[in-house]
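Trainee: Please give me a close look at how the helices pack, and then set that part in its surroundings. I would like the cut-offs spelled out as you go.

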Amino acid sequence: MQYNLITLRELVGATLVEVGTENQDIYVIDSDLAKSTTTNKFQDAFPERFFESGIAEQNAMSVAAGMATEGKIPFYVNFAIFVSGTCWTQLRQICYANLNVKMIATHPGMDGSYDGATHHANEDIALMRVLPNLKILSPSNPDELSQAVKLAAKIQGPVYIRCARDSVPNLPAKKQVELGKAVITEDLGDDFAILYEGSTADLAMRSFEACKENGWKGKLVHVFSIKPVDSACICSIAGKVKKMVTVENHSVLGGLGSLTAEVICNMPNHAPLAQVGVEDVFTESGSLKAVKEKYGLTVENVLKKLEEI
Amino acid sequence: MKDAKQLKLLANRNRRRIVEMVYRAGVGHVGGALSVIDLLTAIYENEVDFKERKRARVILSKGHAVPAIYAELVEKGIVDESLFPTFRQIDSKLQGHPYTCDIPETDATTGLLGQGFSMAVGMAVVKKNEGDPHKVYAIAGDGEMQEGQMWEGLMCAAHYKLDNLVFILDYNKLSSSHPTNEIINLEPFAEKMKAFNYHVIEIDGHDMEQILSAIAEAKTVKGTPTIIIANTIKGKGVSFMEHVPKWHSSGLTDEEYEIAMKDLEKEKEALVYAV
């Protein structure tokens with residue numbers, strides 16, 4: 001399949017301007033990274049609804065809680081490591097109170113590339129998934145990012161949108177994304193299934209093509225809604241295909257692979273499951289390509305894992 | 001608007017409710033609730049109208065002192081006194097820390113120290129932006145000032161010149177086991193806040209006249225947030241609790257309950273006689 005690549009991060013600001021034009025209750029909170037996350041576009045368009053917290057992420061997250069209490073819809077936009085890690089207990093309070101706070105977490109997984117292990121958020125899905133009331137969305141293309149932001153604004157309660165810094169296929173959405181629904185991107189047979197989160201869309205698609213070239217006929221499934229997850233879809237696939245592999249820009253602990261295992265584990269019979277992701281290690285600095293290759297996010301590794309089971 | 005004499009009587013009634021609640025439930029942070037109750041009573045009674053759609057907010061960042069809020073919400077008819085034995089118990093809406101899903105009037109789900117003040121900043125930003133004239137009152141404890149997030153919030157509120165934000169320090173000088181300033185010294189606090197560009201008012205947090213005058217003064221301040229440093233006594237009003245760290249969190253025996261209620265009854269009689 002031929003497609004161009006695009007960085008979703010570059011669309012965050014424009015998307016927020018679009019929803020912020022329609023809905024005057026939307027505020028955006030930044031922690032001195034507006035240029036990197038592109039929320040400076042929202043700042044230019046709506047300076048009165050843009051709040052700069054400075055490099056004080058915990059304060060920023062709780063400020064969002066206060067804005068939500070006043071009936072606003074704050075979007076806290078920052079690198080995934082800060083949104084999910086630095087202010088985890090502040091977010092936990094927001095989830096406990098079911099406050100209407102939205103987060104867009106850019107640079108998930110190893111997308112912080114050259115910054116190294118300090119800034120690689122290979123734990124964000126794990127950290128977010130354990131919080132009751134929180135919804136987690138994982139867009140894989142520009143349409144889905146736009147739909148995810150609009151969906152988040154409509155949902156009453158906290159929402160975490162995982163937004164790739166690395167490139168994803170610049171393809172239109174297969175269909176309108178929905179909360180709690182996965183997207184079956186390709187369905188050629190039951191030899192295998194590749195399940196992926198949004199930031200690994202390119203790798204998952206290239207892997208699927210390689211499988212096709214090997215003569216394997218399988219399914220490609222984008223787990224757009226990580227929480228709530230589409231258990232019915234995943235179980236149905238696990239009952240049909242011969243083998244499954246999850247592909248994630250995240251630790252293999254607590255992320256999409258773990259989630260899939262939890263979903264299928266009490267089925268009497270299901271396909272064996274392999275996981276592609278960062279093994280239980282800290283990563284390092286490097287270009288996006290080099291880091292992801294070294295830590296297992298390659299077509300070869302996806303095929304090898306599929307062949308091993 | 002209630003005057004100081006009326007508020008003193010209400011604060012005494014709230015003190016008896018706090019003791020009753022912690023005695024009936026067998027658990028609870030009684031000391032810090034008794035140190036903050038004069039301040040809370042004055043603010044809730046005179047500044048908050050729960051019937052208004054837009055209204056002043058009160059954030060108890062030191063959420064463990066929640067018996068003080070529940071006591072005042074009984075006064076407001078929002079919490080029923082019959083729930084006191086259920087405080088901190090299973091299936092109760094009187095959670096151990098303020099929880100807005102159960103009681104929205106508590107304004108902020110707090111408990112993890114250091115977070116409530118930042119929430120107040122968020123509320124004040126929106127109110128200021130939208131021309132809502134009501135104030136946001138945030139109350140923190142002195143031990144809570146050891147949390148880093150407090151200082152993030154303090155810098156932020158001053159930077160944005162949030163003159164609709166009133167920060168109140170319940171300065172009872174005791175944490176769960178030690179004098180707070182022996183653990184990590186907060187002093188010189190007033191000077192620190194002046195350096196942060198706050199309008200600083202220092203009062204006796206149990207003197208209702210001083211509390212009312214500080215609240216009134218805060219309303220006149222323009223271009224900077226106000227801090228009211230309220231010097232208080234942990235366990236205030238109950239003879240054997242005052243200044244005793246144990247009463248940070250403890251249930252009462254029958255005998256202790258009797259003594260506490262007698263102390264407070266005596267105070268009430270003195271107040272009634274004074275009126």
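**Helix packing and its surroundings**

Mentor: α2(B) and α8(B) are oblique to each other, the class left over when angles under 35 degrees count as roughly parallel, over 145 as roughly antiparallel and 65 to 115 as roughly perpendicular. The model is a predicted one, in which local features need pLDDT of at least 70 and side-chain atom pairs count only at pLDDT 80 or more, while totals for chains, interfaces and linings use all residues. Residues are numbered from 1 along each chain as its sequence is written, and chains are lettered from A and ligands numbered from 1 in the order in which they are written.

Two packed helices are described by the angle between their axes and the distance between the axes. For α2 (residues 30–47) and α8 (residues 208–220) of chain B, the angle is about 50° and the axes are 10 Å apart. Axes here are lines fitted to C-alpha atoms, for helices over the stretch in contact, and angles run from 0 to 180 degrees between N-to-C directions. Helices (H or I, at least four residues) and strands (E, at least two) are DSSP runs, numbered from the N terminus.

The crossing of α2(B) with α8(B) is right-handed; that is, the near helix is turned clockwise from the far one by less than a right angle, whereas anticlockwise would be left-handed. On the α2(B) side, B:Asp38, B:Leu39, B:Ala42, B:Ile43 and B:Glu47 meet B:Met208, B:Ile211, B:Leu212 and B:Ile215 of α8(B). Contact means that the C-beta atoms, placed from the backbone, lie within 7 Å. By class this contact has seven nonpolar residues, two charged and no polar ones (Ala, Val, Leu, Ile, Met, Phe, Trp, Tyr, Cys and Pro count as nonpolar, Asp, Glu, Lys and Arg as charged, and the others, Gly among them, as polar).

A second helix pair of chain B is α4(B) with α5(B), at an angle of about 25° and with axes 8 Å apart. That angle makes α4(B) roughly parallel to α5(B). The crossing of α4(B) and α5(B) is left-handed. From α4(B) come B:Phe117, B:Ser118 and B:Val121, and from α5(B) come B:Gln149, B:Met150, B:Glu152, B:Gly153, B:Cys156 and B:Ala157. The contact of α4(B) with α5(B) has five nonpolar, three polar and one charged residues.

Now for the surroundings. Where chains B and A touch, 21 residues come from chain B and 22 residues from chain A. On the chain B side, α4 (116–129) and α5 (148–159) each supply at least two residues. The largest share of that side, 10 residues, comes from α4(B). Its classes are 10 nonpolar, eight polar and three charged residues.

Across in chain A, an automatic or database assignment sets the domain bounds, giving domain 1 (5–169) and domain 2 (183–308). The C-alpha centres of these two domains of chain A lie 25 Å apart. Their contact takes 31 residues from domain 1 and 31 residues from domain 2. On the domain 1 side, α7 (124–129), β6 (135–137) and β8 (167–169) of chain A each supply at least two residues. The domain 1 side divides into 14 nonpolar, nine polar and eight charged residues.

Conventions. Two residues are in contact if their C-beta atoms, placed from the backbone, lie within 7 Å.
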